[in-house]
Amino acid sequence: MKKIAFTLTLLLFIVTPLITLAHPGHGGTDGYTIIHYFVEPMHAVVTFGALIAAFAYIRYTNRKNQQSKN
């Protein structure tokens, strides 16, 4: 479990600068608002992918904990 947490943390530190660079000039929304990351396809794929991965991980750990208790 510690290896997985370490790997996910390391991956987060590696990927975060790549997806948070300010780069105006694309899309129809202001590039400096949070809305930009949810509605522009370039960012929405990464944002929703991260949300889905986090949801799946939380669900997996909850089920694993419930099975170990039984």
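Start with the whole protein chain: of its 70 residues, 11% count as buried, meaning under 20% relative accessible area with a 1.4 Å probe, protein chains only. You're looking at a predicted model, where local features need pLDDT of at least 70, side-chain atom pairs count only at pLDDT 80 or more, and totals for chains, interfaces and linings use all residues. Residues are numbered from 1 along each chain as its sequence is written, and side-chain values use heavy atoms, with hydrogens and water left out.

Next, switch to a cartoon view. You'll find 3 helices and 0 strands, running α-α-α from the N terminus on; helices here are DSSP runs of H or I, at least four residues, and strands are runs of E, at least two.

Now colour by pLDDT, the predictor's confidence in each residue, from 0 to 100. The protein chain averages 79. Select helix α2 (residues 34-39) for the lowest confidence, a mean of 76, then helix α3 (residues 41-69) for the highest, at 86.

Stay in helix α3 and pick T61. Is T61 buried or exposed? T61 counts as buried because its relative accessible area is 16%. Zoom in on its side chain: one of its polar atoms lies 2.9 Å from the backbone oxygen of I58.

Hop over to helix α1 (residues 2-19) and select I14. Then add I4, F6, L8, L10, L11 and V15, which together with I14 make a nonpolar surface patch of about 630 Å².

Finally, show the surface of the whole protein chain. About 6000 Å² is exposed, and carbon and sulfur atoms supply 71% of it; these areas come from the Shrake-Rupley method with a 1.4 Å probe.

How values were computed: Buried means under 20% relative accessible area, exposed over 50%, partly exposed in between (1.4 Å probe, protein chains only). Patches are made of residues with over 30% relative accessible area and no salt bridge: like charges are joined within 9 Å, nonpolar side chains (Val, Leu, Ile, Met, Phe, Trp, Tyr) within 5 Å. A salt bridge is a side-chain nitrogen of Lys or Arg within 4 Å of a carboxyl oxygen of Asp or Glu. A polar contact is a pair of N or O atoms within 3.5 Å; within protein, one must be able to donate a hydrogen and the other to accept it, and residues adjacent in sequence count only if both atoms are side-chain atoms.
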